[in-house]
Amino acid sequence: MVTPGTGGDYPESCDAVTVRLLDDSGTESTVTVPPGTVTGSLDVGDRAMLAAIPQEGGTQYAWVGVDRAQPIAVMAGAFVLIVGVIARWRGLLALLGLVLAGGVVGLFMLPALLTGESGLAVALVGSSAIMFMVLYLAHGVSVRTSTALAGTLFGLLVTAGLGLVAIDAARLTGLGDESALQLRLHATELDFRGLLTCAVIVAGLGVLNDVTITQSSAVWELRDAAPEMSRARIFASGMRIGRDHIASTIYTIVFAYAGTALAALLLIALYDRPLLDVLSDEIISEEIIRTLASAIGLVLAVPVTTAIAAATVAPALPAAEELAAG
């Protein structure tokens with residue numbers, strides 16, 4: 001815990017804080033922190049995490065980071081509460097599906113990748129399992145949900161194929177960021193191009209699932225609203241909805257990347273390099289390939305999902321069909 005005398009206004013050059021250990025001893029120690037950690041981000045009484053380093057004559061402590069468990073727990077609790085109040089059981093089941101999906105990633109996908117398994121195979125098996133659990137758990141077992149699942153699996157296959165081709169054509173190594181370089185030192189069996197392929201596939205899961213379940217639901221709602229409508233008209237109406245959804249989803253994908261990569265974009269702006277040179281950097285090229293492969297798979301999944309839904313939804317009322325024929 002940061003102790004009095006180190007909170008408040010800090011000089012720009014401050015790179016050390018005094019901490020009191022939260023044990024029976026109450027020992028105080030001075031630890032060095034990374035530049036910028038103190039100014040504006042620490043105050044008296046803040047909890048911090050330290051690493052204990054045994055040494056001759058005593059234990060030396062090193063800075064790990066601020067303890068952020070409490071604000072994260074509050075935000076997570078608020079999220080679950082709001083989802084439960086507004087989306088009710090369906091929303092809570094979706095959260096349960098998210099937990100199960102995390103289990104698939106943590107217990108199957110990550111260990112498989114670390115042992116050198118094919119990134120493509122791991123991504124397809126893991127992503128398919130996640131979609132089965134998430135869709136049926138959140139939306140129930142029905143033809144409507146199965147239609148969305150079929151469209152999602154089609155989009156995954158398209159994304160995987162495009163990702164493989166694009167990664168090979170762009171000569172990407174999967175070593176574009178610092179995390180990959182650190183992994184190279186500790187995970188010697190890891191296939192980094194396979195890891196990148198896996199990342200391309202997993203990155204598109206969320207928006208792909210969103211689009212396919214929306215298209216399937218739209219077709220079923222159109223049938224309920226217009227029992228006399230032919231399958232061809234339902235498909236055409238569903239596609240009009242799908243085109244609007246595609247447009248908004250493209251914005252979502254691009255802005256989501258821009259938000260997470262804002263610091264990198266600022267750095268690029270400071271360097272004032274030509275745009276084509278920037279796009280050729282591996283770290284930027286990886287994100288472009290990941291985004292475009294996911295987006296193409298998503299766009300192609302819309303007509304496929306809509307067509308499957310229009311073919312499997314209940315037929316038009318017989319009386320309406322006879323009237324139309326006459």
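Select helices α3 and α6 to begin: in this predicted model, their axes come within 8 Å and cross at roughly 140 degrees. That angle makes α3 oblique to α6, since only angles over 145 degrees count as roughly antiparallel. Turn the view until one helix lies in front of the other, and you are looking at a right-handed crossing.

Now show the side chains where these two helices touch. On α3, pick Val143, Arg144, Thr147, Ala148, Gly151, Thr152, Gly155 and Leu156. Their partners on α6 include Leu205, Leu208, Asn209, Thr212, Ile213 and Ser216, along with Ser217, Trp220 and Glu221. Colour the contact of α3 with α6 by residue class and you will find seven nonpolar, eight polar and two charged residues.

**Along α3**

Keep α3 selected, residues 143–169. How far does α3 reach from its first C-alpha to its last? The helix has 27 residues and reaches 39 Å, close to the 39 Å expected at 1.5 Å a residue.

Step just past the end of α3 to Arg171, which takes a positive phi of about 55 degrees. Arg171 sits in the loop between α3 and α4 (178–186). Is Arg171 buried or exposed? Its relative accessibility is 59%, so it counts as exposed.

**Across to α10**

Next, add α10 (282–312) to the view. Helix α3 packs against α10 at an angle of about 150 degrees, and their axes are 7 Å apart. This makes α3 roughly antiparallel to α10, because the angle is over 145 degrees. Here too, α3 makes a right-handed crossing, this time passing α10. The contact of α3 with α10 holds 16 nonpolar residues and nine polar ones, with no charged residues.

**On to α6 and α7**

Hide α10 and bring α7 in beside α6. The axes of α6 and α7 come within 10 Å and cross at roughly 155 degrees, so α6 is roughly antiparallel to α7. The crossing of these two helices is right-handed.

Which residues make the contact between α6 and α7? From α6, select Val207, Asp210, Val211, Thr214, Gln215, Ala218, Val219, Leu222 and Arg223. From α7, select Ile234, Ser237, Gly238, Ile241, Gly242, His245, Thr249 and Ile253. By class, the contact of α6 with α7 divides into eight nonpolar, seven polar and two charged residues.

Look at the spacing of the selected positions as you turn the helices. An α-helix has 3.6 residues a turn, so residues three or four places apart point the same way.

**A closer look at α7**

Select all of α7, residues 231–260. At 1.5 Å a residue, its 30 residues should span 44 Å, and the end C-alpha atoms are 42 Å apart, which agrees.

Now colour α7 by accessibility. The buried residues are Ile234, Ser237, Gly238, Met239, Gly242, His245, Ile246, Thr249 and Ile253. Among the elements that cover them are α6 (205–225) and α10 (282–312), so bring α10 back into view to see both.

Zoom in on His245, which lies in helix α7. With a relative accessibility of 12%, His245 counts as buried. Leaving out residues up to four places away in sequence, His245 touches Asp210, Val211 and Thr214.

**Three more stops**

Go to Leu265 in helix α8 (residues 262–271). Leu265 is partly exposed, as its relative accessible area is 34%. Draw a distance line from its C-alpha to that of Val278: these atoms are separated by 9.9 Å, while the residues are 13 apart along the chain.

Travel back to Arg88, found in helix α1 (residues 69–114). What is unusual to look for here is the backbone: phi of Arg88 is near 60 degrees, a positive value in a residue other than glycine. At 61% relative accessibility, Arg88 counts as exposed.

Finish at Ser29, in strand β2 (residues 28–32). Is Ser29 buried or exposed? It counts as buried, because its relative accessibility is 17%, under the 20% cut-off. Show its surroundings and you will see that Ser29 touches Val17, Thr18, Val19 and Tyr61, not counting residues up to four places away in sequence.

Note on methods:
Residues are numbered from 1 along each chain as its sequence is written. This is a predicted model: local features need pLDDT of at least 70, side-chain atom pairs count only at pLDDT 80 or more; totals for chains, interfaces and linings use all residues. Side-chain values use heavy atoms; hydrogens and water are left out. Helices (H or I, at least four residues) and strands (E, at least two) are DSSP runs, numbered from the N terminus. The expected span of a helix is 1.5 Å times one less than its number of residues. Buried means under 20% relative accessible area, exposed over 50%, partly exposed in between (1.4 Å probe, protein chains only). Contact means heavy atoms within 4.5 Å. Axes are lines fitted to C-alpha atoms, for helices over the stretch in contact, and angles run from 0 to 180 degrees between N-to-C directions. Angles under 35 degrees count as roughly parallel, over 145 as roughly antiparallel, 65 to 115 as roughly perpendicular and the rest as oblique. A crossing is left-handed if the near helix is turned anticlockwise from the far one by less than a right angle, and right-handed if clockwise. Ala, Val, Leu, Ile, Met, Phe, Trp, Tyr, Cys and Pro count as nonpolar, Asp, Glu, Lys and Arg as charged, and the others, Gly among them, as polar.
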